[in-house]
Amino acid sequence: MSTYDDSASVPSLGKADDLHQQVLASFPLCQLTEEDLTQHPLFCKLLATLSQHVDRTGLTVTLKKELEKAERDLQTQRLSWLCSESMYRLLQEMIQEHCVRKHHSTVAPDDDTFYETVKQCLVVAQCVRQLDPSATASQDQPPVLGLSAQQVLELMPQEQDVWKMKQRLPRELEKHLKKKCFSVLSYYQPEWEDESEGLKNMKLSRLSGLLEREKKKAESLKEKSRDSASLLQRQTHCYLSELLGCIQILQSLILDHRLKAQKELDRKKIDYFEAKCEIIMQKIRAEMLEIQLDTYTADTISAHKKIREKLETELNASQLEKQSVECKLSSFEIFGKEFEVLAEEYSRLRQEIDTKSWALKEFSQHTD
């Protein structure tokens with residue numbers, strides 16, 4: 001196809017915005033955005049043209065038809081297998097229930113013959129199926145145990161027993177299936193268990209529709225649960241992102257506050273250490289002054305002792321002189337004027353002694 005043909009066919013797809021929406025809707029698995037299509041217009045035109053030949057999953061029309069046909073064939077084969085497998089399991093359940101009844105009570109000979117015939121027919125059919133080579137198996141492959149399907153078919157029960165079994169089997173299957181259906185109905189709605197058989201049959205006819213609606217409802221709830229889980233995951237991611245951002249902001253605020261507070265704390269520490277140093281210096285000065293006072297006191301006490309000794313010596317001398325004068329006074333009282341001279345001398349000495357005694361007393365008090 002030429003470039004002219006491509007450019008001529010594109011305008012029929014719509015305008016630019018409509019074209020983008022059409023391309024995005026046609027290829028949902030490509031994770032494209034409208035910005036990508038705007039930045040690459042030629043690629044957008046290519047996808048628009050391609051969307052006319054492929055579906056939303058990228059399959060061509062022919063391949064899509066073949067895939068749908070293969071799915072229908074697979075569905076048919078699956079349905080056929082499910083029917084055969086369901087029938088086989090039902091017959092196995094019927095045989096097992098008969099064995100249980102036979103073990104606990106006496107059963108009628110016709111029932112025993114019927115179930116033994118069914119069991120033998122199932123075993124023979126299963127063996128024939130195992131011995132029948134499939135289309136993919138080699139025809140030259142030796143049979144299992146050297147047996148052929150025809151040899152196994154010879155082990156079938158008598159034709160009369162088989163004919164009687166085929167006549168009775170539909171009724172027994174219907175009875176067993178009805179019993180199972182009633183069990184399912186009682187499980188689905190336990191309150192329906194005690195109702196009459198006719199009412200149960202009526203409700204049983206609508207059970208498939210009810211189960212189908214329940215199944216769709218369950219699938220819808222499952223889809224909503226997946227959507228909710230996805231939404232929760234996105235919201236959790238957004239929440240964690242916002243939380244990390246808030247933590248970073250909080251860390252920066254804490255660091256800023258710590259730096260500002262550190263300055264004030266350092267200033268208070270400096271004031272504290274200055275005050276502590278001042279107290280220590282005062283203690284040192286007090287101790288030095290005490291040492292000086294102790295030294296000065298020792299020297300002063302030594303000097304005072306010397307002065308006291310000197311005053312005591314002078315006091316003793318004055319007392320001796322007083323005693324001498326008193327002796328003289330007593331001896332010379334009789335001498336008149338000479339006595340007056342001696343009395344004046346005595347008064348002078350007495351005054352001198354009192355003065356020195358007072359000085360000694362004051363010095364002793366000051367020393368103490």
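**An all-helix predicted model**

Leu315 sits in helix α10, in what is a predicted model. With a relative accessibility of 12%, Leu315 counts as buried, because the cut-off for that label is under 20% relative accessible area. Not counting residues up to four places away in sequence, Leu315 touches three partners by name: Ile353, Ser357 and Leu360. A further residue from that stretch of the chain can be placed by distance: Lys356 is 41 residues apart from Leu315 in sequence, yet their C-alpha atoms are 6.7 Å apart in space.

Helix α10 runs over residues 207-331, and Glu321 belongs to it as well. Here the picture is one of partial cover: Glu321 has a relative accessible area of 38%, so it is partly exposed, since that label takes in what falls between the 20% and 50% cut-offs. Glu321 can also be placed against Tyr346, which is 25 residues apart from it along the chain; 9.3 Å separates the two C-alpha atoms.

What of the protein as a whole? Its secondary structure adds up to 11 helices and zero strands. Followed along the sequence, the pattern is simply α-α-α-α-α-α-α-α-α-α-α. Of the 368 residues in the protein, 16% are buried, and Leu315 is one of the residues that count as such. The accessible surface comes to about 29,500 Å², with carbon and sulfur atoms holding 58% of that area. As for how the chain meets itself, take the contacts with a separation of 6 or more: 54% of them are between residues 24 or more positions apart.

A contact of that long-range kind turns up at Lys180, a residue of helix α8 (residues 159-188). Leaving aside neighbours within four places in sequence, Lys180 is in contact with Leu90 and Glu93. Lys180 and Leu90 are 90 residues apart in sequence, while their C-alpha atoms lie 9.8 Å apart. Lys180 itself is partly exposed, at 34% relative accessibility.

Next comes the largest pocket, which holds about 300 Å³ of space. Two elements each give two or more residues to its lining, namely α5 (61-104) and α6 (109-131). Of these, α5 gives the most, with six residues. The lining residues include Trp81, Ser84, Glu85, Met87, Tyr88 and Leu91, and also Leu122, Ala125, Gln126, Arg129, Gln130 and Leu169. Sorted by class, seven of the lining residues are nonpolar, three are polar and two are charged.

Finally, there are the cysteines and the matter of cross-links. A disulfide is a covalent bond between the sulfur atoms of two cysteines. How many disulfides does the structure hold? The count is zero. Among the cysteines, Cys99 is partly exposed, with a relative accessible area of 39%. Cys246 is likewise partly exposed, and its relative accessible area is 46%. Both values fall under the 50% mark, over which a residue would be called exposed.

Conventions:
Residues are numbered from 1 along each chain as its sequence is written. This is a predicted model: local features need pLDDT of at least 70, side-chain atom pairs count only at pLDDT 80 or more; totals for chains, interfaces and linings use all residues. Side-chain values use heavy atoms; hydrogens and water are left out. A disulfide is a pair of cysteine sulfur atoms within 2.5 Å. Buried means under 20% relative accessible area, exposed over 50%, partly exposed in between (1.4 Å probe, protein chains only). On a 1 Å grid over the protein atoms alone, a cavity is a set of points where a 1.4 Å probe fits but cannot get out, and a pocket is an open set with protein on both sides within 12 Å along at least five of seven lines; lining residues have an atom within 4 Å of a point. Grid points are joined across faces, edges and corners, and a volume is the space filled by probe spheres set on the points. Helices (H or I, at least four residues) and strands (E, at least two) are DSSP runs, numbered from the N terminus. Ala, Val, Leu, Ile, Met, Phe, Trp, Tyr, Cys and Pro count as nonpolar, Asp, Glu, Lys and Arg as charged, and the others, Gly among them, as polar. Contact means heavy atoms within 4.5 Å. Accessible areas come from the Shrake-Rupley method with a 1.4 Å probe; for residues, only the protein chains shown count as cover.
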